[in-house]
Amino acid sequence: MQNQQTFLVTGAMGCLGSWVLRNLLDQGARVVAADLATEPSRARLLMTDAEIADINWVSMDVTDAKAVDDIVASNDVSHIVHLAGLQIPFCKANPSTGAAVNVVGTVNILEAARKNNVKGLCYASSLAAFGPEANYPERPIKDDAPLIPSSLYGVYKAANEGTAKVYWQDYQLGSVGLRPYIVYGVARDQGLTSDIAKAILATAANKPFHIRFDGPVALQHANDTAQIFIRSAQAEYQGAAACNLRGDVIEVATFLSLLDELFPENQVTLKTNAPLPYPSDLDDSGLRRILGDVPFTPLRTAIVADVQRFKTLIEAGKVDLEQLNK
Ligand SMILES: NC(=O)c1ccc[n+]([C@@H]2O[C@H](COP(=O)([O-])OP(=O)(O)OC[C@H]3O[C@@H](n4cnc5c(N)ncnc54)[C@H](O)[C@@H]3O)[C@@H](O)[C@H]2O)c1
C-alpha cells in the first residue's frame with residue numbers, strides 16, 4: 001500500500017523507533033529515519049537487510065535546531081513521530097545533556113513543525129511526568145491529573161507537555177504527547193524497565209534472569225505502542241493532548257505467574273518489596289477519543305509470540321544475550 005505522507009521519525013534507531021519504522025514500511029509511507037546513532041542493530045531484529053538498505057537514514061542531532069529545521073524543510077515532512085530522548089539513568093547521570101536532548105530537542109522539533117507546516121505531530125512524553133503513586137488518590141488516573149514528577153527525566157517530559165501546549169496556544173500547532181509506562185517486546189534492551197522484555201528473552205534463551213522491581217505496573221507491547229504513535233501523528237489532532245497509555249495493568253508477580261504457566265521451565269526470578277515510583281492504574285479514555293480503538297495485544301498472546309520471535313532471532317545469531325547481564 002502506498003500513501004503520500006512523509007514521516008520524520010526521530011530516535012529511529014531506538015526500540016520504539018525501530019517498531020515505528022517496521023509499521024511505516026508496511027504502510028508504504030515515505031520515511032526519513034533520523035538518529036544520532038548510526039548502527040541499526042535494533043532494526044535488524046525487525047527488518048530484512050534489503051528493507052534496512054532502502055530506508056532513508058539521516059544522521060541528526062535533535063539538539064541542533066538548524067539541522068532539525070533543514071531536514072524537515074528539505075524532505076517536505078508532513079508528519080513527525082518524535083522519539084529521540086535519553087532515559088532516566090542517563091538524565092540523572094548527565095542532567096545538562098539530558099535537558100538538552102529531552103527538552104531543547106523537543107522545542108526544536110515543535111519549532112521546525114511550526115515553521116514548515118507539519119500536519120501531524122506525536123512526541124514521546126512518559127508516565128514519569130506524573131511521579132509517585134501516593135500523589136494520585138483518584139483512580140484510574142486521568143490525563144489531566146497534576147504532573148508531580150520526582151525525577152529529572154520526568155521534569156523534562158513534563159516540560160515537553162507544557163511546551164507543546166504553548167505551541168498550540170500561540171501558533172495552533174497541534175500535537176499528541178504519549179505517556180508510555182513499561183514498553184516490552186523485541187528490541188527493548190535498555191533501561192531498568194526493560195527487565196520485562198529481558199525476562200521474556202531469557203525464557204527464550206533458557207537463561208536465568210532477575211527482574212529488579214515488583215508491584216503494579218502497566219505493560220505496553222512495543223508493536224502496539226509504535227502503532228499508537230503513528231496513528232496519533234496521523235490523527236492531525238487540533239489541540240495539545242497529553243495522553244496516558246494503559247495496556248495490561250498487572251502486578252509484576254502476576255506477570256511472572258503467567259510466564260510460569262506458559263513456560264514452566266523458565267529461570268526468571270523477582271526482587272520483592274521494590275516497587276517503581278509511578279502509578280499504574282491509568283485512564284486512557286483521552287487516547288481512545290483521538291484514535292477510536294487503541295491497538296492492544298493481550299499479555300498472554302504477546303508473551304507466546306515474543307518467545308517465538310526471540311528464539312528465531314537467537315538461532316539466527318541476531319540477539320546479543322549480554323544484555324541479560326546489564
Ligand atoms: N521504552 C519505554 O518503556 C518508554 C516509556 C516511556 C517513555 N519512553 C520514551 O519514548 C521514547 C523512545 O523510547 P525507546 O525505548 O525507543 O528509547 P531508546 O533509548 O531505545 O531510543 C532512543 C533513541 O534516541 C536516540 N537519541 C539520543 N540522543 C539523540 C539526539 N541528541 N539526537 C537524535 N537522536 C538521539 C538514541 O540514539 C536512541 O536510538 C523516548 O523519548 C523515551 O523517553 C519510552
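Biologist: How do you know how H5 is running relative to S4, and which strands does H5 lie across?

Modeller: In this predicted model, H5 lies across S1, S4 and strand S5 (120-124), and the angle that H5 makes with S4 is about 175°. Since angles over 145 degrees count as roughly antiparallel, the value of about 175° puts H5 roughly antiparallel to S4.

Biologist: What is the angle of helix H6 to S6, and which strands does H6 lie across?

Modeller: Helix H6, residues 152-171, lies across S5, strand S6 (175-179) and S10, and runs at about 165° to S6. With the limit set at over 145 degrees, H6 is therefore also to be called roughly antiparallel to S6.

Biologist: What makes S3 and S10 edge strands?

Modeller: The sheet is an open one of 7 strands, in the order S3-S2-S1-S4-S5-S6-S10, and its pairing is parallel. Strand S3 (56-59) and strand S10 (240-244) each pair on one side only, and this makes them the edge strands. From one strand to the next, the twist averages 20°.

Biologist: How do you know that S1 and S4 pair?

Modeller: Two strands are taken to pair when there are at least two bridges between them, and strand S1 (residues 6-10) is joined to strand S4 (residues 79-82) over 4 bridges, in the parallel sense. The requirement is therefore met. As one example, Val9 has Val81 in S4 as its bridge partner.

Biologist: What joins S7 to S9, and in which sheet do they lie?

Modeller: S7 and S9 belong to an open sheet of 3 strands with the order S7-S9-S11 and mixed pairing. Its edge strands are S7 and strand S11 (248-251), each of which pairs on one side only, and the twist averages 40° from one strand to the next. Between S7 and strand S9 (residues 216-221), which run parallel, there are 3 bridges, and at least two are needed, so the two strands count as paired. Ile182 has Leu219 in S9 as its bridge partner.

Biologist: Why are H3 and H5 called oblique to each other?

Modeller: Helix H3 (residues 65-74) packs against H5 at about 40°, with the axes 9 Å apart. An angle under 35 degrees would count as roughly parallel, whereas roughly perpendicular begins at 65, so H3 and H5, falling between these limits, are oblique. Their crossing is right-handed. On the H3 side, Ala65, Val68, Asp69 and Val72 make the contact, and on the H5 side the residues include Asn108, Ile109, Glu111 and Lys115. By class, this contact has 6 nonpolar, 1 polar and 3 charged residues.

Biologist: Why are H9 and H11 called oblique as well?

Modeller: The axes of helix H9 (residues 252-262) and helix H11 (residues 299-315) cross at roughly 55° and come within 11 Å. That angle also lies between the limits of 35 and 65 degrees, so H9 and H11 are oblique to each other. H9 passes H11 in a right-handed crossing. Leu258, Leu259 and Leu262 in H9 meet Leu299, Arg300, Ile303 and Val304 in H11, and this contact has 6 nonpolar, no polar and 1 charged residues.

Biologist: Which residues come nearest to the ligand, and which element gives the most to the shell around it?

Modeller: There are 28 residues around the ligand, and those that come nearest are Gly11, Gly14, Gly85, Ala124 and Val183. Helix H1 (15-27), helix H5 (95-115) and strand S7 (182-184) are the elements that give two or more residues to the shell, and H1 gives the most, with 3 residues. By class, the shell has 15 nonpolar, 11 polar and 2 charged residues.

Note on methods:
Residues are numbered from 1 along each chain as its sequence is written. This is a predicted model: local features need pLDDT of at least 70, side-chain atom pairs count only at pLDDT 80 or more; totals for chains, interfaces and linings use all residues. A residue is near a molecule or strand if its C-beta atom, placed from the backbone, lies within 6 Å of it. Ala, Val, Leu, Ile, Met, Phe, Trp, Tyr, Cys and Pro count as nonpolar, Asp, Glu, Lys and Arg as charged, and the others, Gly among them, as polar. Axes are lines fitted to C-alpha atoms, for helices over the stretch in contact, and angles run from 0 to 180 degrees between N-to-C directions. Angles under 35 degrees count as roughly parallel, over 145 as roughly antiparallel, 65 to 115 as roughly perpendicular and the rest as oblique. A crossing is left-handed if the near helix is turned anticlockwise from the far one by less than a right angle, and right-handed if clockwise. Two residues are in contact if their C-beta atoms, placed from the backbone, lie within 7 Å.
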